[in-house]
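Trainee: Could we go through this model together before I write up my notes? I would like to start with single residues and work outwards.

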Amino acid sequence: MIVLFVLCFIVGLCIVCYNNLVKLRNNRENAFANIDVQLKQRHDLIPQLVATVKGYAAHEKETLAMVTNARAAAMGATSINDKIAAENALSTALAGLRVSLEAYPDLKANQNFLQLQGEIADVENKLAATRRFFNSTTKELNNAVQTFPSNLLAGIFGFHKEPMFEIPQQDRAALDKAPEINF
């Protein structure tokens, strides 16, 4: 009777651990789906921004091409890890576009541009929030995959540590430097 009770307890513990791992994996996938919604909105706004900027800064083709190419790569990414890499490249390209716009005061005065800039800022803020949520769900999954007793089942059922949505190593040096503000 005791052996049966211990066996039932172990089976029950395995079921609970497995179900928790599945729930955490699904939460992570749902969190990335929320990022996808924001990325879609971002991708839809970029052509409008690029068209507005082209009207004022035709000679900035390289910067605009980088944004357009990064957007295309981001829209073509299929796996979560590919999307993370592509979106990081797009964020870098958009940062370069914002720096280029500093040199064009007429562009800043254009109402269409100001509206698009505000919409993109709003999308970027929402995207940052959804990325934080995604990283939180990824951390929960990774904790479950790496802690006892669920780590015993994680390997058996193919659960593994997942990457966070973070800034690429090559971009980290730029973040350590204080921004220059010129008037």
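Trainee: Does K83 count as buried or exposed, and at what relative accessibility?

Mentor: K83 counts as buried, because its relative accessibility is 16% and the cut-off for buried is under 20%. Please keep in mind throughout that this is a predicted model.

Trainee: Which side chain does K83 meet in a salt bridge?

Mentor: The partner is D36, and the N to O distance in that salt bridge is 2.9 Å. The two residues are 47 apart along the chain, with D36 in helix α1 and K83 in helix α3, which covers residues 80-101, so the pair links distant parts of the chain.

Trainee: And D36, how exposed is that one?

Mentor: D36 is partly exposed, with a relative accessible area of 28%, whereas K83 is buried at 16%.

Trainee: How many salt bridges does a search of the whole structure find?

Mentor: The search finds three. Another of them joins E162 to R28, with the closest N and O atoms 3.7 Å apart. This pair also links distant parts of the chain, since E162 lies in the loop between α6 and α7 while R28 belongs to helix α1, residues 2-56, and 134 residues separate them.

Trainee: Are E162 and R28 buried or exposed?

Mentor: Both of them are buried. For R28 the relative accessibility is 4%, which is why R28 counts as buried.

Trainee: What else is R28 in contact with, leaving aside its neighbours within four places in sequence?

Mentor: Besides E162, the contacts of R28 are I80, F134, T137, T138, L141 and P163.

Trainee: F134 catches my eye there; which ring does F134 pair with?

Mentor: F134 pairs with F32, and because the ring centres are 5.3 Å apart and the planes stand at 65 degrees, the pair is edge-to-face. F32 sits in helix α1 and F134 in helix α5, 102 residues apart, so this is again a link between distant parts of the chain. Both F32 and F134 are buried. As for the whole structure, a search finds five aromatic pairs.

Trainee: Which residues form the aromatic cluster?

Mentor: One aromatic cluster is formed by Y18, F157 and F159. Of these, F157 lies in the loop between α6, residues 150-156, and α7, residues 169-176, and F157 is partly exposed, with a relative accessible area of 46%. The C-alpha atom of F157 is separated by 9.6 Å from that of L21, although the two residues are 136 apart along the chain.

Trainee: Back to salt bridges for a moment; where do K126 and D122 lie?

Mentor: K126 and D122 are both in helix α5, residues 111-146, four residues apart, which is about one turn of the helix. Their side chains meet in a salt bridge at 3.2 Å, N to O. Each residue is partly exposed, K126 at 39% relative accessibility and D122 at 36%.

Trainee: How far apart are K126 and L39 in sequence and in space?

Mentor: In sequence they are 87 residues apart, and from C-alpha to C-alpha the separation is 9.8 Å.

Trainee: Changing topic to the surface, which residues make the nonpolar patch?

Mentor: I2, F5, V6, F9, I10 and L13 make a nonpolar surface patch of about 630 Å². Taking F9 as one example, its place is in helix α1, and F9 is exposed, with a relative accessible area of 54%.

Trainee: How much area does the whole protein chain expose?

Mentor: The protein chain exposes about 11500 Å², of which carbon and sulfur atoms supply 60%. Buried residues, for their part, make up 34% of the 183 residues in the chain.

Trainee: Last one, how many helices and strands are there?

Mentor: The protein chain has seven helices and zero strands, so the elements from the N terminus on run α-α-α-α-α-α-α. When contacts with a separation of 6 or more are considered, residues 24 or more positions apart account for 77% of them.

Notes: Residues numbered from 1 in each chain as written. Predicted model: local features only at pLDDT ≥ 70, side-chain atom pairs only at ≥ 80, totals over all residues. Heavy atoms only, no water. Buried < 20%, exposed > 50% of the residue type's maximum accessible area, 1.4 Å probe, protein only. Salt bridge = Lys/Arg side-chain N within 4 Å of Asp/Glu carboxyl O. Patch = residues over 30% accessible without salt bridge, like charges linked within 9 Å, V, L, I, M, F, W, Y side chains within 5 Å. Areas by Shrake-Rupley, 256 points an atom, 1.4 Å probe, with all protein chains shown as cover. Contact = heavy atoms within 4.5 Å. Phe/Tyr/Trp six-rings, centres within 6.5 Å; stacked < 30°, edge-to-face > 60°.
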